[in-house]
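Q: I'm a first-year student and would like to look closely at one small part of this model. Could you start there and then lead me on to the rest?

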Amino acid sequence: MTVIVGITGGIAAYKAVGVVREFVKQGHDVHVVPTEGALRFVGVPTLEALSRNAVTTSVFDDVAEVRHVSLGRRADLVVVAPATADALARMTAGLAGDLLGTTLLATEAPVVVAPAMHPQMWEHPATRANVATLRDRGVRFIGPVVGALTGDDAGIGRMAEPEDIVAGALAVLDHPADAGRPASADPSLQAAPTRPAGEIRPAGETDVAGTGARGEQGDLAGVRVVVSAGGTREPFDPVRFVGNRSSGRQGLAIAADAARRGATVTVVAANVEAALTTGLDATVVPVGSALELAEAVHAAAVDADVVVMTAAVADYRPAEVRTEKLKKDLQGDTMTLELVRNPDVLADLVAARRTGQIVVGFAAETEPDRAARIELGRAKIARKPADLLVVNHVGWSSGFEREENAIEVLVPGGEVVRETSGSKADVATAILDLVATALT
Ligand code: CTP
């Protein structure tokens, strides 16, 4: 396979060497296209030696070969790592002043980018708008992740690790039909049924009570399902985090049942034990923090028919992530950790939902009284009008880290359309029955 690795001018360019090396190691024909800026961080001889191909930045080299279009045309995959804020802005604008710019315009291959920049740059409205536009055009994002950055700060903006970039980029090729083109141009999405919110209704008392699960094999054939699972960890130094007890079992049960029913499944797995995903027929995207989960879910949701937000996402993260371990002798007998709000992924998905896309939210409630719990669920679905809201009862000894679960499912308007308890697999089947109904 012919892989173009574009490198742009950020300090993480030195790590792009690892990306080139990994693709070559896996037997691919790698052509490196650095920008002028990238060559301030890593040299041509290194890139030529590792890629075993000539390296140039300019559209005026090898003019006879029409290199500025030939590279892009030959590519099976284009990976830009690192992608700086400037590089994302150029891609969005379609600027073609160098070989990377022309290659990106000339290619029809899937384009995968691994951003790297400081958190303020990543969160700037200009960058957010560029990322949204590029995602809408079919560009896939891997990372950035939370971690140490250049200088003495840390946070979201660190480039994903080279092996994760290569694995993520190769996983994109598993869905070639979806890659490299705007979701809005996908005919299957345009054909998706327009379904007014709240159309799902209980089939009768038996259904509400939780019997009569269908779980028909093949009823989700061709449906693209994204499931977030597990619990996020919000770091405040290299070794510590604020976390929660979600194991990921309920999300993985939904993913497994969706795959069994014929769906193409992506799991965004927040700190899920690797053993739990072994053998799962799904693309697994591991993430750590809420900001990482948000990036991965929004990236996967672009061409998803169904998004199930099972993950326990931290509502807050530490305001500051230290590059070194926090020392207790600097804190005294009490310690205060300042937290700031995380984006609400579910609310953002609901707001950006395409016609026909089904979004399922979860509400973990400790309220033991059923009626009071349903009231909490009603308030939540009124705030975030997902197509379905699955209320589950959690507590010190229920919900988390267990094989069993008990749920009530609400639709906008607050009606309970399903109530069931049992194994997490049974609960998954019940939820996907409602999703399958909503899709038809
Ligand atoms: N969720 C999210 N992004 C967040 C927080 C939660 O996408 N930052 C999603 C979860 O995946 C879940 C649902 O929102 O699907 C939970 O809703 P939320 O209102 O956050 O529930 P709680 O955290 O239980 O809220 P509260 O503390 O208000 O009860």
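A: Let's begin with the hairpin, in which two residues join β9 to β10. Strand β9 covers residues 234–237 and β10 covers residues 240–242, and three bridges pair them in the antiparallel sense. One of the pairs to find is D237, whose bridge partner in β10 is R240. Strands here are DSSP runs of E with at least two residues, helices are DSSP runs of H or I with at least four, and both are numbered from the N terminus. Two strands count as paired if DSSP finds at least two bridges between them.

Before going on, a word on the model. It is a predicted one, where local features need pLDDT of at least 70 and side-chain atom pairs count only at pLDDT 80 or more, while totals for chains, interfaces and linings use all residues. Residues are numbered from 1 along each chain as its sequence is written, and side-chain values use heavy atoms, with hydrogens and water left out.

Now for the sheets. An open sheet of eight strands has the order β12-β11-β8-β13-β16-β17-β18-β19, with mixed pairing. At its edges stand β12 (283–287) and β19 (416–423), each with a single partner strand, so one side of each has no neighbour in the sheet. Direction ignored, neighbouring strands in this sheet are turned by 15° against each other on average. Such angles are taken between axes, which are lines fitted to C-alpha atoms (for helices, over the stretch in contact); angles run from 0 to 180 degrees between N-to-C directions.

At the β12 edge, β11 (residues 264–270) runs parallel to β12 and is joined to it by five bridges. T266 has T283 of β12 as its bridge partner. Helix α13 (residues 290–301) lies across β8 (224–230), β11, β12 and β13 (306–309), and runs at about 170° to β11; contact here means heavy atoms within 4.5 Å. As you follow a strand, remember a general point: in a regular strand the side chains alternate between the two faces of the sheet.

Strand β16 leads us to the ligand. There are 15 residues around the ligand, and M309, A311, L346, F362 and K380 come nearest; a residue is near if one of its heavy atoms lies within 4 Å. Which atoms do the oxygen atoms of the ligand approach? One ligand oxygen is 2.7 Å from a polar backbone atom of A311. A backbone N or O atom of F362 is 2.8 Å from a ligand oxygen, and the side chain of K384 has an N or O atom 3.0 Å from a ligand oxygen. The protein covers 77% of the 570 Å² of accessible area that the ligand has on its own, with areas from the Shrake-Rupley method and a 1.4 Å probe.

Two or more residues of the shell come from each of α14 (345–352), β16 (358–365) and α15 (370–383). β16 gives the most, with three residues. By type, the shell has nine nonpolar residues, one polar and five charged.

There is a second open sheet, in which five strands pair in parallel in the order β2-β1-β3-β4-β5. Its edge strands, β2 (29–34) and β5 (140–141), each pair on one side only. Inside this sheet, four bridges pair β1 (residues 2–7) with β3 (residues 77–83) in the parallel sense, and I4 has V78 of β3 as its bridge partner.

Strand β3 also contains P82, and the peptide bond from A81 to P82 is cis, with omega near -5°. Another cis peptide bond runs from G143 to P144, with omega near 5°; P144 lies in the loop between β5 and β6 (145–148).

Notes:
A polar contact is a pair of N or O atoms within 3.5 Å; within protein, one must be able to donate a hydrogen and the other to accept it, and residues adjacent in sequence count only if both atoms are side-chain atoms. Ala, Val, Leu, Ile, Met, Phe, Trp, Tyr, Cys and Pro count as nonpolar, Asp, Glu, Lys and Arg as charged, and the others, Gly among them, as polar.
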